[in-house]
Structure formats: C-alpha cells, structure tokens
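This briefing goes through the packing, the strand pairing and the chain contact of one model. It is arranged by topic.

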Amino acid sequence: MSDESVAEEVQTRRKFLSRLSLGLSGLAAAVVSVPIIAYLLSPLLRPALQVWRDVGTVDSFRVGATVEVAIEEPSPLPWAGQTALTAVWLRRAGAREFIAFAVNCTHLGCPVNWRAEAQLFLCPCHGGVYYADGTVAGGPPQRLLRYDVRIADGDRVEVLTRPLTFT
Amino acid sequence: MRGVLCWLDDRLGFSTVIKPLIEHPVPDTGWDYTLGSATLIAFVVQVVTGVALAFTYVPTPDHAYESLEFITHGAVLGGVVRGIHFWGASAMVLLVAAHAAQVFLVGAFKFPREVNWLSGTLLLVFTFGMAFTGQLLRWNQDAYWAVVVGAAQAARAPLIGEWLTGILFAGQSVGGATLTRFYATHVFMIPAIIFGLLGLHLYLVVRHGVSEPPVPGVPVVKNTYRERYAELMHEEGVPFWPDAGWKDVVFALAIGTIVLLLAVVLGPPELGAKADPLVVMADPRPDWYFLWYFALLALVPPQIEDAFIILFPLLLGVLFVVLPFVAPAGERSPIRRPWAIGIVLLFGVSVATLVGAGYQATWSPDMEATSLPESATAGLSGARLQGAQLFETRGCLQCHQIAAVGGRRGPDLSKVGARLSPDQLTWRILNGGRNMPAYGTTLSPGDLSALVDYLGGLR
C-alpha cells in the first residue's frame with residue numbers, strides 16, 4: 001500500500017471513531033435524559049384529581065354572609081404542611097344556594113379580602129375590587145373564579161377542589 | 001522547601017500556564033472596569049454563604065420557615081451569615097446590572113466580543129433567576145404569594161400557560177413539591193449553569209482580551225480591529241496581575257465591607273408571617289429587584305396587559321440578543337453614542353422611579369386603615385357623624401384619603417364638598433365610576449344621605 005492510501009485510511013478511521021464516540025455519548029445522554037425529564041415533569045403527567053370536600057353543615061353558614069373556608073388539596077404530600085389546604089370564600093346566597101369563590105384575584109393571583117360591611121372583595125396588590133357576586137367593581141381583573149359547590153346528604157356543604165388557575 | 005515548590009510548580013504548570021494567563025496584557029483601564037470582577041466575587045460570596053445556610057435550612061413547607069428563624073435567631077452568628085446572603089444578593093443584582101450598563105456604554109459588546117455579551121446576558125438573566133427563587137425560600141407570606149403571582153404571569157403565555165404553571169407549582173397548586181423544586185433550582189441548577197457560563201465568559205475575556213477604553217473617533221473596524229488591538233497591547237498593555245487586578249481587589253473589598261456592615265448592623269430582614277394559604281390578610285410585595293416590575297404591572301392599561309406580560313420580557317431579551325449584531329462595529333465611545341447614554345439613563349431612572357412607586361403602591365387600597373383622624377370627625381353629630389362612621393366601615397377609607405388618612409387609589413376627599421354638589425356626590429356613590437364600586441344596592445337611602453351630608457360638609 002502506498003503512503004497516500006495509508007494516510008487516507010487513517011483519516012477515514014479517525015473520522016469514524018470520532019463520529020462513533022460522539023454518537024454513543026449523545027445516545028447515552030439521551031437515554032439518561034428520558035427518566036430524568038419524565039421524573040421532573042411527573043407533576044404534569046399525573047391526571048388532575050378533583051375531590052369533593054366537606055366544609056360544614058348548611059346551617060353553620062348564615063344566609064347572605066361570605067366566610068372563608070379551608071379545603072384540603074386532593075392528595076397533599078406528607079410534608080406539605082399548611083400548603084395542603086386551600087382557602088375558599090363561601091357565600092350562602094339563599095336557603096339552599098351556595099357560591100364558592102377562589103381567593104385568588106384574577107389579575108395576578110393575590111389573595112382578595114372580603115369586607116363584609118362594604119360588601120366588597122378588595123385585592124391588596126393592584127387594587128382589584130369585586131362585588132359580593134364576584135363581578136368586577138374596579139381595577140384590572142376579570143370576575144372572580146368559582147369553585148363547584150353542592151349540598152350532599154341533605155345538609156352537608158361540599159366544595160370541589162380544582163387546580164389553581166387564574167382565568 | 002524550594003525543591004518542593006519547584007516540584008509543585010512543575011507538576012501544576014503554574015509558571016508555564018497559569019502565570020502567563022493572569023499576567024496577560026490588558027489595557028490600562030479605569031475603575032468602571034472592575035464591575036464585572038466584583039459581580040464574580042459577589043457570586044462567590046453568595047455560594048459560600050448559601051452552602052453554609054444549606055447546612056441548616058430545611059426545604060419543606062412544614063419546616064422551612066422555622067429553620068430560617070433558627071438560623072436567624074438561634075444559630076451562632078447565623079443572622080450575620082443570612083445577612084451577608086441577603087445584602088450580598090442585592091449587591092450582586094446591582095453589580096451585574098451596572099456591569100451590563102457599563103459594557104453597553106463603552107460599546108464593549110462589539111466585534112469580536114459578541115459572545116462575551118451574549119453569555120453575559122444569560123448571566124444577567126440567571127442572576128435574576130437566583131433572586132426570584134431565593135426570595136421564595138424564606139417561605140413567608142411574601143414568598144408564598146410571589147410563587148402565585150409568578151405563576152399567574154406564566155399562565156398568560158399562549159398555549160403553554162397552563163403547562164408553565166404546572167412546572168412552577170410542581171403540581172396543581174402550591175404544595176409540598178413546590179418548595180423543593182425552587183430549592184433545587186436555587187442551590188443546584190442555576191448555580192451550576194452560572195458556573196458554566198462564567199467559565200465561558202472568563203475564557204472569552206482572555207481569548208479576545210479586555211476591551212480597550214473607547215476613544216472618540218476611533219471606531220471598531222472588523223478587518224483591522226484584532227491587529228490594532230494586538231499592537232495596542234504590545235505597546236501599552238500592562239499585565240492584568242497586579243497592574244489592573246489591584247483595582248478589582250480594592251473595589252470588591254469595598255463592596256464586601258458595605259455588605260458585611262449591613263449584615264452586622266441591620267442584619268437580614270425579619271421573615272414576617274409564615275406562608276399560609278389560609279391567611280388572606282396578606283399584602284404581598286416582592287423584593288426591590290422585582291418591585292419595579294410589580295409596579296409596572298399595576299400601571300399598564302388592562303387592555304394591553306396580556307400582551308405586555310408576555311411581550312415585555314420577550315422584547316427585553318430580544319433587544320439584548322440582537323444588540324451586538326445590529327451594532328457590531330463603529331464608534332464605541334459613549335460621547336459619540338448619545339442614544340446609549342440616553343437608554344441607560346432612561347432605564348435607570350425608570351426602574352428607580354418604579355421601585356419608589358412600588359413602595360408607595362398608591363394603586364393598592366389601604367387595607368389597614370380603620371378610622372378617620374379626630375380632626376376629620378371633631379364636632380360632628382347626627383347624620384354627619386353617622387356619615388363619617390359609614391365612610392370608615394363601608395370601605396370608602398380603603399381608597400380615599402381624608403385629612404391624610406386612608407388609601408390613595410381614589411381622589412383625596414378632604415375638601416370634596418367644595419368640589420361636588422350633594423347631587424353629584426349621590427350620583428357618584430350610587431353608580432360608582434371607573435375604578436369605584438357602585439354602592440346603589442348596598443347602601444340604604446338613610447345611610448346614603450348621611451354619607452352625602454358628611455362628604456358635602458368637607459370643605
């Protein structure tokens with residue numbers, strides 16, 4: 001074999017080895033990435049659970065009054081502490097009629113405050129104001145988001161959990 | 001002894017590899033060129049104090065707050081360590097921003113240092129990422145609601161909004177998985193990325209050299225720049241260490257002294273109330289480095305808000321990325337680039353003004369105001385006294401000031417009687433207007449006339 005063809009063979013061999021090494025490394029990285037990415041995204045891959053949570057008897061709420069109730073998240077982690085709970089504004093609109101509002105302002109999610117005497121929800125962040133029925137009275141937001149609420153077993157008020165969303 | 005040192009030097013290659021590196025020729029630069037190295041030192045201090053804090057901090061919602069309270073008040077000098085980390089964070093944000101502004105002003109992003117600028121842009125972004133994830137780890141009410149407010153903004157992104165909030169929360173809502181996610185991001189992921197980017201950034205500083213201080217009338221010309229720079233270094237260059245490096249040391253020490261003094265004298269801020277989704281009496285505010293943006297979101301007209309929340313950060317990013325390609329050559333001196341001075345001034349003044357506005361937050365109702373000052377109710381009786389009491393209880397005081405007490409969202413009503421007739425007052429209270437709720441369905445006729453009597457008498 002001539003020197004030239006040897007040199008050419010070495011070049012081909014080097015190109016092959018370099019591509020092989022890079023390809024194998026890339027493959028290894030891809031294989032390892034699969035479980036890592038799936039693990040990190042697992043909160044998104046789990047189906048959104050929704051559970052009815054008991055918040056008390058019908059008569060523990062006064063007609064026309066809006067009060068804060070706490071509901072437990074569908075499946076909180078053991079170390080979730082207080083974040084296992086979510087606050088909900090519950091309004092008894094009639095004898096058997098309840099409305100449940102998210103406490104999160106639809107502008108940027110800040111916690112809205114119910115002012116009973118003013119009959120208004122006030123947001124401390126950017127001045128969103130809502131009427132008792134959750135419609136907007138002023139400021140940047142849309143109407144307050146609601147939770148599903150039902151009366152079960154004749155006199156138990158139940159609120160359906162849902163993911164925290166803003167629109 | 002000498003033998004050992006020689007052996008070490010030979011094996012480590014200090015004299016042959018490292019010494020030439022730290023003595024590489026640099027232009028004779030001024031104090032403004034020390035901002036970058038000071039940012040680097042600030043980062044190192046954050047890493048060291050952060051590692052120390054991680055020895056005690058517990059990243060779970062049920063104990064994070066308590067462990068930080070222990071660090072601040074229970075551990076030996078824990079308050080100082082946390083204080084350095086807290087004030088050091090502010091220092092790092094200020095320094096990285098000042099460094100970016102300085103590089104922009106002297107046109108050091110131009111050829112051949114485009115990638116220096118791009119890697120610096122990413123470092124700037126990730127520094128803000130550290131600031132955001134860091135303030136959440138305090139796990140107080142501000143931290144809890146900052147996650148929610150952050151997610152509410154991410155939720156505005158078209159198509160992927162819901163997906164982004166899921167990533168931020170690590171679940172359906174803020175919960176047990178959220179804090180560990182921010183913890184891992186803050187202490188492992190972003191620092192690792194920053195270390196990598198710093199390596200690239202510093203390598204590029206050596207590869208392309210420290211940019212020479214700009215001279216008006218001497219533009220960057222791509223074909224000749226490298227040759228001219230090499231010539232300049234050959235003629236006027238000084239070894240980085242110690243001719244230029246001493247300034248870096250002195251400046252970093254000065255900043256470090258300020259941070260240490262603040263940490264010892266003022267200490268870290270108190271944590272305030274623990275994060276609790278059930279305590280809705282919260283008044284969430286981000287730290288100052290995000291307060292300007294929080295203020296901006298209050299001032300943006302609602303009609304363009306959706307677009308603004310997505311497009312504003314995007315636009316800033318795009319501007320940073322395209323800058324070195326739009327202006328890769330030409331004049332570097334700020335004197336010949338007055339628009340550069342204008343942009344930095346505009347940005348600096350805007351951010352400072354917005355931070356100030358954010359602390360005032362005149363757009364927020366005053367949630368704490370409960371009663372009018374005595375001067376506003378003195379000598380009142382009958383319907384007018386009743387009107388004053390209604391003003392306090394019906395939420396009027398949350399948005400309107402009388403005698404310097406109350407919210408500033410709506411107009412000051414200290415002299416409203418001189419401005420509006422009783423009919424106008426009645427109409428406005430019943431119907432509301434712009435940002436004022438209508439009280440037509442919640443005020444009785446008697447209450448309404450009492451309120452109008454009271455307000456009409458304010459002159």
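Two strands count as paired if DSSP finds at least two bridges between them. The model described here is predicted. The points below begin with the strands of chain A, then turn to the cores, the contact between the chains and part of chain B.

**Strands β3, β4 and β9 of chain A**

- Strand β3 (residues 85–94) of chain A runs antiparallel to strand β4 (residues 97–102) of chain A, and six bridges link the pair.
- The hairpin that connects β3(A) to β4(A) has two residues between the strands.
- Within this pairing, A:Leu90 has A:Ala100 in β4(A) as its bridge partner.
- β4(A) also pairs with strand β9 (residues 146–147) of chain A, again in the antiparallel sense, through two bridges.
- Here A:Ala100 has A:Tyr147 in β9(A) as its bridge partner.
- A:Ala100 thus appears in both pairings, as partner of A:Leu90 and of A:Tyr147.

**The three-stranded sheet of chain A**

- Three strands of chain A form an open sheet in the order β1-β11-β10, with antiparallel pairing.
- Its edge strands, each paired on one side only, are β1 (52–57) and β10 (149–152) of chain A.
- On average, and ignoring direction, neighbouring strands of this sheet are turned by 35 degrees against each other.
- β1(A) and strand β11 (residues 156–160) of chain A are joined by five bridges and run antiparallel.
- A:Thr57 faces A:Arg156 of β11(A) across this pairing.

**Nonpolar cores**

- The largest nonpolar core has 104 residues, and the members that touch the most others are A:Val88 and B:Ala42.
- Helix α5 (residues 78–105) of chain B supplies the largest share of this core, with 13 residues.
- A separate core of 20 residues includes B:Leu372, B:Cys396, B:Val416 and B:Leu425.
- Beyond its neighbours within four places in sequence, A:Val88 is in contact with A:Val69, A:Ile71, A:Ala100, A:Phe101, A:Ala102, A:Val103, A:Tyr147 and A:Val159.
- Two of these contacts, A:Ala100 and A:Tyr147, are also the bridge partners that link β4(A) and β9(A).
- In soluble globular proteins, nonpolar side chains tend to be buried together.

**Contact between chains A and B**

- Chain B contributes 49 residues to the contact and chain A contributes 45 residues.
- On the side of chain B that touches chain A, the elements giving two or more residues are α7 (141–154), α8 (161–169), α9 (176–208), α12 (288–299) and α13 (302–326) of chain B.
- Of these, α7(B) gives the most, with six residues.
- By type, the residues on this side of chain B are 28 nonpolar, 15 polar and six charged.

**Helices α16 and α20 of chain B**

- Helix α20 (residues 445–456) of chain B has twelve residues and spans 16 Å from its first C-alpha to its last, close to the 16 Å expected at 1.5 Å a residue.
- Its buried residues are B:Ala450, B:Leu451, B:Val452, B:Asp453, B:Tyr454, B:Leu455 and B:Gly456.
- These buried residues of α20(B) pack against α16 (382–393), α18 (416–419) and α19 (422–431) of chain B.
- B:Gln389 is a residue of helix α16 of chain B.
- B:Gln389 counts as partly exposed because it has 18 C-beta neighbours inside 10 Å, whereas a buried residue needs 20 or more.
- B:Gln389 lies twelve residues from B:Thr377 in sequence, and their C-alpha atoms are 9.0 Å apart in space.

Methods
Residues are numbered from 1 along each chain as its sequence is written. Chains are lettered from A and ligands numbered from 1 in the order in which they are written. This is a predicted model: local features need pLDDT of at least 70, side-chain atom pairs count only at pLDDT 80 or more; totals for chains, interfaces and linings use all residues. A nonpolar core is a set of buried Ala, Val, Leu, Ile, Met, Phe, Trp, Tyr and Cys residues joined through C-beta atoms within 7 Å. A residue is buried if 20 or more other C-beta atoms lie within 10 Å of its own, exposed if 12 or fewer, and partly exposed in between; C-beta atoms are placed from the backbone. Helices (H or I, at least four residues) and strands (E, at least two) are DSSP runs, numbered from the N terminus. Two residues are in contact if their C-beta atoms, placed from the backbone, lie within 7 Å. The expected span of a helix is 1.5 Å times one less than its number of residues. Axes are lines fitted to C-alpha atoms, for helices over the stretch in contact, and angles run from 0 to 180 degrees between N-to-C directions. Ala, Val, Leu, Ile, Met, Phe, Trp, Tyr, Cys and Pro count as nonpolar, Asp, Glu, Lys and Arg as charged, and the others, Gly among them, as polar.
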